[in-house]
Amino acid sequence: MTVAATFEIEYLQYLGPDGKPVAELPAAFRDPKALLPLFKEMLFVRTFDSKAIALQRTGKLGTYASCLGHEATHIGIGASMQPADVFAPSYREYGAQFMRGVKPREVLLYWGGDERGNDFSGPKHDYAWCVPISTQCLHAAGAALAFKLRKQKQLAVACCGDGGSSKTDFYAALNSAGAYKLPLVLCVINNGWAISVPRSAQTGAKTLAQKGLAGGLHCLQVDGNDLIAVLEGMRRASERARSGEGGSVIEFMTYRLHDHTTADDARRYREDDEVKSAWTREPITRLRTYLTEQGVWSEAEEKAWAEECGKRVDVEINAYLETPVQPVEAMFDYLYADMPPDVAAQRAYVLAQEGR
């Protein structure tokens, strides 16, 4: 028998679920103090997420997509990018966006039903949220092509979920990245569920990372609940992209600890035992244990930081709640650069109905 090709997918993990090292740490993180700023950002994101859910439950926010359980993956991705890079998120990567300058009040504004929340104060070359899943992967591939043609040492990073990796947009993006050796990093955040569809029901691939092999990309699977592994995986992919070696597909193994959104009830399709098991692997407890055992973090420090996070999030919530509501005709003002006559007529009708 002649074998046409064989492959292996490397798996990265440095901290086990119990917070103990399972492999030699990368040189950049052998000093545990280097992880403290990012751990604090993870705690901030969790505080934000909890308060956002509370806002929705009290009728002060629309449907909201929780990021509970994704903190290490999101913060690690955001921390690994340079300001001039381009980020194409889906709609859940708040931690990565906060690392790039997006304000929490803008996230709340968006989920409050105001499209101005999608005009982020982060880098203007980053893409807005794209709810149709995986279409942002092609946008990122386009940005990566521009970087290559201009001979710029920048990269484009796109995020999608496990379900998104089964979309044609994802495959088209990885095919383009491989064919043209683009500086593109496709981050597949595998949280086990595409809304109510389990990963096992939407692809037969043994790993999602291996999908990149078909396009000729470097592929890696990472423990997405291990911040160190996330940072190391992103470092490798970024260095490859910036040095002209081409793109990567990284599968981040994590878990969606909350419902898909606040409009969902995951109890209808997930077993309680599965969720309880996932909580034993969640990222914050893991890193907290490691930092505490290394003597660089304490319960008193976490209590003080939790209070600070609560205050900071409350400032953002108040800014969101105090944002003046747009007039009803604003729904027409963001659709076209030049408003077509029929849309202009609808706008005029709305104003007439209001006596204006």
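Select L138 to begin: this residue is partly exposed, with a relative accessible area of 34%, where buried means under 20%, exposed over 50% and partly exposed in between (1.4 Å probe, protein chains only). The model is a predicted one, in which local features need pLDDT of at least 70 and side-chain atom pairs count only at pLDDT 80 or more, while totals for chains, interfaces and linings use all residues. Residues are numbered from 1 along each chain as its sequence is written, and side-chain values use heavy atoms, with hydrogens and water left out.

**Around L138**

L138 lies in helix 5 (residues 135–149); helices (H or I, at least four residues) and strands (E, at least two) are DSSP runs numbered from the N terminus. Display next D169, A172 and A173, with which L138 is in contact when its neighbours within four places in sequence are left aside; contact means heavy atoms within 4.5 Å. Then add A158: it is 20 residues from L138 along the chain, and the two C-alpha atoms are separated by 8.7 Å.

**Two loop residues with positive phi**

Move to S134, in the loop between helix 4 and helix 5. S134 is not a glycine, yet its phi is positive, about 75 degrees. This residue counts as buried, at 0% relative accessibility.

Now select K151, in the loop between helix 5 and strand 3 (156–161). Its phi is also positive, near 60 degrees, in a residue other than glycine. K151 counts as exposed, at 72% relative accessibility.

**Helix 4**

Select residues 104–111, which form helix 4; 7 of its 8 residues are buried. These are P104, E106, V107, L108, L109, Y110 and W111. To see what covers them, show helix 1 (36–57), helix 3 (94–99) and helix 11 (299–321), which are among the covering elements. After helix 4 comes G113, with a positive phi near 95 degrees.

**From helix 11 to helix 12**

Go on to E329, in the loop between helix 11 and helix 12. With a relative accessibility of 9%, E329 counts as buried. Residues up to four places away in sequence not being counted, E329 touches R347, L351 and R356.

V350 belongs to helix 12 (residues 341–353). Measuring C-alpha to C-alpha in the viewer should place V350 and E329 6.9 Å apart in space, although 21 residues separate them in sequence. V350 touches V328 and F332, again without residues up to four places away in sequence.

**The whole chain**

Finally, display the entire protein chain, whose secondary structure comes to 12 helices and 8 strands. Its radius of gyration, taken over C-alpha atoms, is 21 Å, close to the 21 Å that the globule rule gives for 356 residues, so the chain is as compact as a globular protein of that length. The rule is 2.2 Å times the number of residues to the power 0.38. Along its principal axes the C-alpha trace spans about 75 × 55 × 40 Å. Buried residues account for 53% of the 356 residues. Of the contacts between residues at least 6 apart in sequence, 71% join residues at least 24 apart.

To close, colour residues 41–324, covered by the UniProt annotation "domain: Dehydrogenase E1 component" from an unreviewed entry; UniProt positions are given in the numbering used here, feature names are shortened, and annotations may be inferred rather than shown by experiment. Over residues 41–324 the chain is 45% helix and 11% strand, with the end C-alpha atoms 29 Å apart.
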